[in-house]
Amino acid sequence: MAKEIKNVEYGLEKIFEGAQDFLPLLGTDYVEFYVGNAKQSAHYYKTAFGFQSFAYAGLETGLKDRTSYVLKQDKIKLILTTALKSDSPIGEHVKKHGDGVKVIALWVEDARKAFEETTKRGAKVYMEPTVEKDENGEVVRAGIYTYGETVHMFVERKNYKGTFLPGFREWKSDYNPTPVGLKFIDHMVGNVGWNQMNPTVKWYEEVMGFVNFLSFDDKQIHTEYSALMSKVMSNGNGRIKFPINEPAKGNKKSQIEEYIEFYEGAGVQHLALATDDIIKTVGELKARGVEFLPPPPQAYYDDIPKRLGVHKDMMKEDIKELQKLSILVDADEEGYLLQIFTKPVEDRPTLFYEIIQRMGAKGFGAGNFKALFESIEREQALRGTL
Ligand code: FE2
């Protein structure tokens, strides 16, 4: 496993030993969802999650086959896209997978070079480098497939001054619920099927130059009923982190199997959105109707001081308040983190969200896995899919 070279805040320089420099990534650009009804999804993300109206493309802007709403909250940009006719790859995607993530777009200096470097290392082409222009300049985009039907799009926007992308117009709305304090995407997790973990990890290493910097096996991640394996992939500067999950054998069906069954293949399991005040953010989200997993038992909260170890005195939050909101706490050598998981945000038990506040810790809440998965399994049992 790769080692971190130095203990610094994530900047542009390389911080992971072994990461390759052929694909410099500046950050996440946007995440595009293919959904059954973009207009209504946009309303949900605005009302429930505090996203702001940002850009729009559809019949009024000259498109014939689709409508896209772009939403923004601080650095997070989501596109919700829906097909306007049945004969459409977007419609096919929704028919097979339900609402889900199609594109994880990565911001690069040079999209042509990113495309060339990754395809020459074996990436499957989704979209050849394409230049899009309007009066505000030009954007170059190129795409490759990752797991399942999910795509990484490289976005070069250094010669563009417009709101979002050529073809989109600014979206002004009279309905503007306040943001809830979500800042940026901390990580995005992919679920893959049986025996697909290692090929996926190898793909990120070889094609994208990423490193595997954390791994959890089924002995670490299991409950009485089910198990899974997880490996965290990062690019060189640590800005992009993609944990990958694979189911493992257990007595009953793991949540990863349930996902694969209902998504009908590999895909994005959750987006972790960062806040710097999780109590305020989660309080707001709950008041606006976002559903979270039920809280772990009392014993979990009694154990928090022990779990925090040396960071115990550093914790500013009141444990009772965390418990009231069912927020989870974990710690590693460098600090602690606070996190909570929503229920799936569509009818299929597939994609959900994590809200995370890092107080120095760089892990993914491994200390919470058991409590979390038991909570998910109680939900699975209600669905009859455990
Ligand atoms: Fe996560």
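In this predicted model, an iron ion is held by three protein donors, namely NE2 of His187, NE2 of His270 and OE of Glu354, at distances of 2.0 to 2.2 Å. Read along the chain, these donor residues follow the spacing H-x82-H-x83-E. The two histidines bring distant parts of the chain together: His187 belongs to strand β10 (residues 182-191), while His270, 83 residues away, belongs to strand β14 (residues 267-275).

How accessible are these two histidines? His187 has a relative accessible area of 3%, and since the cut-off for buried is under 20%, His187 counts as buried. The same reasoning applies to His270, which is buried at 7% relative accessibility.

Stepping back to the whole protein, the chain forms 10 helices and 17 strands. Its radius of gyration is 20 Å, close to the 21 Å given by the globule rule for 386 residues, so the protein is as compact as a globular protein of that length. The C-alpha trace spans about 60 × 45 × 40 Å along its principal axes.

Inside this fold, 54% of the 386 residues are buried. Links between distant parts of the chain also appear in the contacts: of those between residues at least 6 apart in sequence, 68% join residues at least 24 apart.

Turning to the outside, the accessible surface amounts to about 16900 Å², and carbon and sulfur atoms account for 50% of it. As for charge, the protein carries 51 positive and 57 negative charges, and the mean positions of the two sets lie 2 Å apart.

Conventions. Residues are numbered from 1 along each chain as its sequence is written. This is a predicted model: local features need pLDDT of at least 70, side-chain atom pairs count only at pLDDT 80 or more; totals for chains, interfaces and linings use all residues. Side-chain values use heavy atoms; hydrogens and water are left out. Helices (H or I, at least four residues) and strands (E, at least two) are DSSP runs, numbered from the N terminus. The radius of gyration is taken over C-alpha atoms; the globule rule is 2.2 Å times the number of residues to the power 0.38. Buried means under 20% relative accessible area, exposed over 50%, partly exposed in between (1.4 Å probe, protein chains only). Contact means heavy atoms within 4.5 Å. Accessible areas come from the Shrake-Rupley method with a 1.4 Å probe; for residues, only the protein chains shown count as cover. Lys and Arg count as positive and Asp and Glu as negative; His and the chain ends are not counted. The place of a charge is taken as NZ of Lys, CZ of Arg, CG of Asp or CD of Glu. Donors are N, O and S atoms within 2.8 Å of the metal (3.2 Å for Na, K and Ca); water is not among the atoms, so sites may look incomplete.
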